[in-house]
Amino acid sequence: MRDDNCLFCKIVGGDIPSNKLYEDELCYAFYDIAPQAPTHFLVIPKDHIGSVAEVNGGNSAVVAHIFEVIPAIAKAEGLTNGYRVVSNCGPDACQSVPHLHFHILGGRKLGETMA
């Protein structure tokens, strides 16, 4: 299901351009427009899920699929020495787009702290 007011739904629908990295029937991956590491891309479900807080038995298979896809994309991007997967959930975590998304960051040694 698509939310016509959602930035990421518009990206998946082709209404807003992105630098696509990967796509299949369930998810879409693209490079972040403001990278925080040498390699920084997002993986999102094609169907609108607001955040981690909205994952449930009806949509968790999509999330599992995303976590099967992430290692393959990371490997193809040369992230063989490790990477970080981050999902911000809600305003206190600075979730900027209310559509579930996973940031994959790598390409250098990342800091030890997350906060």
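Buried means under 20% relative accessible area, exposed means over 50%, and partly exposed is in between (1.4 Å probe, protein chains only). Keep that handy for the tour.

This is a predicted model: local features need pLDDT of at least 70, side-chain atom pairs count only at pLDDT 80 or more, and totals for chains, interfaces and linings use all residues. Residues are numbered from 1 along each chain as its sequence is written, and side-chain values use heavy atoms, with hydrogens and water left out.

**Stop 1: strand β5**

Select residues 102-106. That's strand β5, and 5 of its 5 residues are buried. Helices (H or I, at least four residues) and strands (E, at least two) are DSSP runs, numbered from the N terminus. Turn the view a little: F102, I104 and G106 point one way, while H103 and L105 point the other way.

Now add the neighbours. Two strands pair if DSSP finds at least two bridges between them. Strand β3 (residues 39-45) runs antiparallel to β5, with 5 bridges joining them; pick F41 and you'll find its bridge partner, I104. Strand β4 (residues 83-86) is also antiparallel to β5, joined by 4 bridges, and here V86 stands opposite H103.

**Stop 2: S51**

Next, click S51, in the loop between β3 and α2 (60-76). Is S51 buried or exposed? It counts as buried, because its relative accessibility is 9%. Leaving aside neighbours within four places in sequence, S51 is in contact (heavy atoms within 4.5 Å) with C89, Q95 and L100.

**Stop 3: the salt bridges**

Side chains of opposite charge can pair when their charged atoms come close. A salt bridge here is a side-chain nitrogen of Lys or Arg within 4 Å of a carboxyl oxygen of Asp or Glu. How many does a search of the whole structure find? There are 4.

Start with E23, which is partly exposed at a relative accessible area of 35%. Its side chain meets that of K20 in a salt bridge (2.9 Å, N to O), and K20 is partly exposed too, at 45%. E23 also forms a salt bridge with K46, the closest N and O atoms being 2.8 Å apart. That second pair links distant parts of the chain: K46 is in the loop between β3 and α2, E23 is in strand β1, and they are 23 residues apart.

Finally, select R2 and D15, whose closest N and O atoms are 2.3 Å apart in their salt bridge. R2 lies in the segment before α1 (7-12) and D15 in the loop between α1 and β1 (20-23), so the pair ties together parts 13 residues apart in sequence. Add D4 to the selection: R2, D4 and D15 are linked in a network of salt bridges.
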